[in-house]
Structures are given as C-alpha cells and as structure tokens.
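Me: Please take a close look at the aromatic rings of this structure and at the charge that lies over them. I would like one connected account of how the rings are arranged.

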Amino acid sequence: QVQLVESGGGLVQAGDSLRLSCAVSGLPFSTYAMGWMRQGPGKEREFVAGIRSGGMTSFADTVKGRFTISRDNAKNTVYLQMRSLKPEDTAVYYCAAVRLLSSSMPWTSPTDYKFWGQGTQVTVSS
C-alpha cells in the first residue's frame with residue numbers, strides 16, 4: 001500500500017520560513033520523481049516544485065528563489081523548504097509521486113503524478 005504523509009504545515013507570518021516533509025512508503029522511493037503541489041482557496045491545484053530521482057529540480061516561477069526541494073532516499077522523505085513566505089502562498093500543500101519511465105515524461109504538472117498524500121495546510125498571515 002502506497003502512503004505519502006505530509007507534515008510541517010502551520011500558521012506563519014509573512015516573511016517567515018517553513019519546512020514541509022513528506023514520508024513515503026510502499027514504493028521504491030529512490031526511483032520515483034517527487035513533487036509538491038498546492039491548492040489555494042478558490043484556486044486550481046498547481047505545481048510548486050519537483051525533484052527527479054537523479055536530483056534534477058524544477059520550480060514554479062512564483063516560488064523560484066524562495067523555495068527549495070530536496071530528498072533523502074535513505075529516509076524515503078522529500079522536503080520543501082519555504083522562505084520569505086507570502087500571504088499568496090496560503091494553500092493546502094500536497095506531496096505526490098510518479099515513476100518516470102523515460103526522460104521525456106512530463107513531471108511539472110499535477111496531472112503528471114500518480115500517488116498523492118492528504119495534504120498539509122499552510123497559512124501565511126500578512
């Protein structure tokens with residue numbers, strides 16, 4: 001049974017930092033691309049950041065330079081470090097996984113991902 005469990009969300013003030021974690025079980029973690037998506041109030045779910053099995057990363061323009069993504073294959077965990085948070089970063093953040101069978105497979109859209117966590121709320125007050 002595949003499980004993705006996010007943690008680390010909370011209420012912070014604008015300008016603060018927060019680190020989200022996602023613990024994964026039930027799949028060969030090191031071979032999967034991992035992503036973080038978010039869905040803000042009244043908005044569609046959007047890609048935030050992703051990291052391929054080899055370490056290549058990708059970020060949405062809205063978070064580039066503020067967020068970093070990393071993975072610890074020994075702990076089957078992926079992290080999202082968020083800095084300089086803004087009220088518009090308020091959303092439910094989801095961790096997701098996909099096995100990329102070729103280098104040409106897409107991995108920067110929520111629809112590219114197969115397995116999902118339940119999400120963790122991040123609220124940034126102004």
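**Aromatic pairs and a charge over the rings**

Reply: In this predicted model, Arg 45 lies over the face of Trp 116, at 4.9 Å from the ring centre. Arg 45 also lies over the face of Tyr 94, where the distance to the ring centre is 3.9 Å.

Tyr 94 and Trp 116 belong to the description of the aromatic pairs, of which the structure holds two. One of them joins Tyr 32 and Phe 115: the ring centres are 6.3 Å apart and the planes stand at 50°, so this pair is tilted. An angle over 60 degrees would count as edge-to-face and one under 30 degrees as stacked. Tyr 32 is found in the loop between β3 (18-25) and β4 (33-39), whereas Phe 115 is in strand β10 (residues 115-116), so the contact ties together parts that are 83 residues apart in sequence. With a relative accessible area of 10%, Tyr 32 is buried.

The rings of Tyr 94 and Trp 116 have centres 6.2 Å apart and planes at 75°, so their arrangement is edge-to-face. Strand β9 (residues 91-98) contains Tyr 94 and strand β10 contains Trp 116, so this pair ties together parts that are 22 residues apart in sequence. As to accessibility, Tyr 94 is buried, its relative accessible area being 13%, while Trp 116 is partly exposed at 26%.

Strand β10 thus supplies Phe 115 to the tilted pair and Trp 116 to the edge-to-face pair.

Key
Residues numbered from 1 in each chain as written. Predicted model: local features only at pLDDT ≥ 70, side-chain atom pairs only at ≥ 80, totals over all residues. Heavy atoms only, no water. Phe/Tyr/Trp six-rings, centres within 6.5 Å; stacked < 30°, edge-to-face > 60°. Helix = DSSP H or I, 4+ residues; strand = E, 2+ residues; numbered from the N terminus. Buried < 20%, exposed > 50% of the residue type's maximum accessible area, 1.4 Å probe, protein only. Lys NZ or Arg CZ within 6 Å of the ring centre and 35° of its normal.
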